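Biologist: Please take one helix and go through it closely, then set it in its surroundings. Give cut-offs as you go.

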Amino acid sequence: MSELLTRPAATVRSPARARFRAFVDEFVTPVAAAYDASGTIPPPVLDAVSAAGLWAAVLPAARGGSGTGMVDFGVLHEEVGRGCSSLRSMLTVHSMVLHALDRWGTPSLRERWLEPMLSGQVLGGFCLTEPEAGSDIAALRTTARRSGSGYQIDGLKQWTTGGQRAGVLLTFARTERGISVFLVDGSDPGVSRQPVEGMLGTRASMLAHIRFEGALVGADALIGVEGAGLGLAAGLLDIGRYSVACGSVGIIQACLEASVRHAAARAQGGAPLRQHQLIQQLITKMAVDAQAARLLCEHAGSLKDTGSPATLAATCHAKYFASTAALRAASDAVQVQGAAGCAPGADVARYFRDAKVMEIIEGSTQILELLIANDACQRLGERGPRPEGD
Amino acid sequence: MTDTTRTQLRQFVERRFAGIELTDDLDIFSLGLANSLFSMELVLFIEQLIQTQVPSEELSLDNFRTINAMTALADRLTAADLRQPAELG
């Protein structure tokens with residue numbers, strides 16, 4: 001039993017976990033609360049991520065990355081999420097943009113941006129959400145009009161994670177043939193940023209609203225083909241969703257570890273809290289949720305590693321369970337600590353605020369409920385599932 | 001190759017949408033059943049089927065609307081993949 005709680009099951013299949021955990025324990029956990037309070041992740045931490053090669057973990061070595069598969073990628077994002085959801089969020093969007101560039105970008109675009117993005121010298125921003133378009137991507141109003149041999153982009157994007165310092169912006173915009181995707185140089189004079197501060201959670205993720213006013217890109221900045229934006233969004237959000245699911249596992253694990261420590265150290269009624277059965281109940285739920293969410297993530301990651309289309313549904317399941325379980329765990333972790341858990345700078349208070357954000361980003365809980373229910377109804381139909389190989 | 005590909009594509013779509021009355025020229029996106037998530041499932045399924053990546057210039061939704069279009073795409077990419085060593089040589 002003790003091994004189950006202290007050494008997650010996925011460790012068996014991810015030798016990299018110990019390295020990721022050590023990195024987070026040295027560079028992230030000790031400073032996460034301070035960065036949450038200041039609302040920024042300073043360059044030394046970002047440089048440490050670069051030095052460890054973690055910005056490039058979404059790509060395998062054969063493509064210039066540092067990754068060893070999507071299961072390990074998930075373990076990395078769990079471990080970083082255990083330390084700091086803001087940094088994990090920045091890794092998430094950078095990974096989504098890097099994946100888009102590598103998988104669907106033009107040769108000239110890859111030539112220009114791949115190396116600096118792999119090293120973390122240039123960070124990516126994911127510009128999808130707008131004032132009138134969030135879950136309903138088809139409603140977005142940003143436009144990309146033909147201009148000379150390229151495009152001119154105009155519109156307003158909101159809540160862009162890492163937007164305060166992102167060097168390249170993966171931008172969804174409406175073209176003549178539908179919603180399309182462009183990689184925009186963040187230094188273009190037509191790009192301006194408004195930092196967003198004081199958010200409920202992931203406060204150090206350096207959010208910004210980004211305005212495009214006559215931003216110019218070449219034709220080679222188009223990712224895929226015109227009109228492919230909705231399909232690309234689904235594929236890229238799948239990467240982001242997987243990262244958030246894994247990061248949510250990290251939050252649950254952090255809540256579990258904090259609760260066990262506190263329950264052992266604090267006594268009430270003449271006995272440590274850990275001997276109180278109602279506290280044991282809270283810790284039990286965290287322990288089981290951590291394992292269940294971790295296994296769902298590992299399943300989704302394994303399917304990604306084999307290129308199975310089933311990974312998209314599996315990732316929705318993992319994100320839905322892990323993010324809702326993270327909020328339950330964080331609420332219970334605050335409950336275990338009582339007033340101390342509500343105090344300024346309390347780690348569990350940060351987990352609680354961050355966990356709420358996990359239920360909103362990369363597919364809200366309600367959107368995932370629609371997707372998962374529709375998927376189940378469509379697969380089962382009125383006659384029940386058809387057997388494999390039928 | 002075409003018949004095998006066509007059969008496997010049909011089975012994939014039929015398993016995904018139980019009870020669908022599927023014909024090879026039925027636009028599955030016009031039925032209101034398929035969404036953008038499913039379009040990416042199709043990309044992954046075809047890649048798994050033919051063991052090669054769908055290039056970005058082939059991402060048009062028209063390539064995924066019908067069994068006929070997907071079969072043609074898979075055959076086109078397979079043929080291009082077979083030609084590649086000779087071109088490189």
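Modeller: The helix comes first, then the domains and chains around it.

This is a predicted model; local features need pLDDT of at least 70, side-chain atom pairs count only at pLDDT 80 or more, and totals for chains, interfaces and linings use all residues. Residues are numbered from 1 along each chain as its sequence is written, while chains are lettered from A and ligands numbered from 1 in the order in which they are written.

Take α2 of chain A, residues 17-38. Helices are DSSP runs (H or I, at least four residues), numbered from the N terminus. α2(A) has a kink of about 55°, centred on A:Ala32. The bend at a residue is the angle between axes fitted to the seven residues ending there and the seven starting there. A:Ala32 is also among the buried residues of α2(A), as are A:Phe20, A:Arg21, A:Phe23, A:Val24, A:Phe27, A:Val28 and A:Asp36. Buried means 20 or more other C-beta atoms within 10 Å of the residue's own; exposed means 12 or fewer, partly exposed in between, with C-beta atoms placed from the backbone. The buried residues of α2(A) pack against α3 (43-51), α4, α5 and α11 (347-358) of chain A. After α2(A) comes A:Gly39, with a positive phi near 75°.

Now the domains. Chain A is assigned domain 1 (2-119), domain 2 (124-227) and domain 3 (230-377). These bounds come from an automatic or database domain assignment. Over C-alpha atoms, the centres of domains 1 and 3 of chain A are 18 Å apart. In domain 1 of chain A, 29 residues are in contact with 29 residues of domain 3. Contact means C-beta atoms, placed from the backbone, within 7 Å. On the domain 1 side, α2 (17-38), α4 (70-83) and α5 (85-104) of chain A each supply at least two residues. By class, that side has 16 nonpolar, eight polar and five charged residues. Ala, Val, Leu, Ile, Met, Phe, Trp, Tyr, Cys and Pro count as nonpolar, Asp, Glu, Lys and Arg as charged, and the others, Gly among them, as polar.

Next, the partner chain. Here 25 residues of chain A are in contact with 20 residues of chain B. On the chain A side, α7 (229-265) and α12 (365-380) each supply at least two residues. α7(A) gives the most, with six residues. The chain A side divides into 12 nonpolar, eight polar and five charged residues.

Definitions and conventions: Contact = placed C-beta atoms within 7 Å.
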